[in-house]
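User: I'd like a close look at a single part of this model, the pocket, and at how the rest of the chain is arranged around it. Please explain your terms as you go, since I am in my first year.

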Amino acid sequence: MGLPSEAIEATELIVTDAFHGGAEPQMELTRREIAARLRPLLEKGIAPVVTGFIGATTGRATDHLGRGGSDYSATILGAAMDADEVIIWTDVDGVLTADPRLVPEARHDVR
């Protein structure tokens, strides 16, 4: 779509409590990291593409969020950015033109 983007490791953004395999975000620290790293990109029209499933302790050791960690990462980012909504597409075969549960004629948007 021509939108500039930048890849970002979630370990730069999500600060965890060091409970490996089921880490919880430290939201105050996470909000600060996200604001410092993502807001400038968004203000420049750059779409951040953030990895999921992981974060890092305050000592910067990689930490795993556990089962469902990628979806959890998305909601952590959304909450930290005060997003109106977070949409997770995990139950479809690729990206479709609409939600196939609501629009039976939804199709893959191949460009």
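Analyst: Let's begin with a word that comes up often: a residue is buried when its relative accessible area is under 20%, exposed when it is over 50%, and partly exposed in between, using a 1.4 Å probe and protein chains only. This is a predicted model, where local features need pLDDT of at least 70 and side-chain atom pairs count only at pLDDT 80 or more, while totals for chains, interfaces and linings use all residues. Residues are numbered from 1 along each chain as its sequence is written, and side-chain values use heavy atoms, leaving out hydrogens and water.

First, the setting. The chain has two helices and four strands, where helices (H or I, at least four residues) and strands (E, at least two) are DSSP runs numbered from the N terminus. From the N terminus on, these elements follow the order β-α-β-β-β-α. The C-alpha atoms fill a box of roughly 50 × 35 × 25 Å along the principal axes, and 27% of the 111 residues count as buried.

Now to the pocket. A pocket is an open set of points on a 1 Å grid over the protein atoms alone, where a 1.4 Å probe fits and protein lies on both sides within 12 Å along at least five of seven lines; lining residues have an atom within 4 Å of a point. The largest pocket has a volume of about 370 Å³, a volume being the space filled by probe spheres set on the points.

Which residues line the largest pocket? They are L38, L42, P48, V50, T51, G52, S70, S73, A74, L77, G78 and M81. Three elements each supply at least two of the lining residues: α1 (27-43), β2 (47-50) and α2 (69-80). Of the elements, α2 gives the most, with five residues. In character, the lining has seven nonpolar residues, five polar and no charged; here Ala, Val, Leu, Ile, Met, Phe, Trp, Tyr, Cys and Pro count as nonpolar, Asp, Glu, Lys and Arg as charged, and the others, Gly among them, as polar.

Let's follow α2, since it gives the most to this lining. Its twelve residues should span 16 Å at 1.5 Å a residue, and its end C-alpha atoms are indeed 16 Å apart; the expected span is 1.5 Å times one less than the number of residues. G69, S73, I76, L77, G78 and A80 are the buried residues of α2, and they pack against α1, β2 and β3 (54-56). Just after α2 comes D82, with a positive phi of about 55°. Most residues other than glycine have a negative phi. D82 is exposed, as its relative accessible area is 54%.

Two lining residues, L38 and L77, lead us into the interior. A nonpolar core is a set of buried Ala, Val, Leu, Ile, Met, Phe, Trp, Tyr and Cys residues joined through side-chain atoms within 4.5 Å. Of the 15 residues in the largest such core, those touching the most other members are I8, L13, I14, I34, L38 and L77. The elements giving two or more residues to this core are α1 and α2. L38 itself touches I8, L13, P48, L77 and M81, leaving out residues up to four places away in sequence; contact means heavy atoms within 4.5 Å.

The loops have a part in the packing too. L65, in the loop between β4 (62-64) and α2, is buried because its relative accessible area is 5%. Beyond four places in sequence, L65 touches T16, G21, G22, A23, F53, I54, Y72, S73 and I76; one of these, S73, is also in the pocket lining. L65 and F19 are 46 residues apart in sequence, with 8.3 Å between their C-alpha atoms.

T11 sits in the loop between β1 (5-8) and α1. Is T11 buried or exposed? It is at 18% relative accessibility, so T11 counts as buried. With the same sequence neighbours left aside, T11 touches I54, G55, A56, R60 and T62.

T57, in the loop between β3 and β4, is also buried, at 13%. Beyond four places in sequence, T57 contacts V15, T16, A18 and D63. A18, from the loop between β1 and α1, is partly exposed at 49%.

One number for the whole chain: of the contacts with a separation of 6 or more, 58% join residues 24 or more positions apart.
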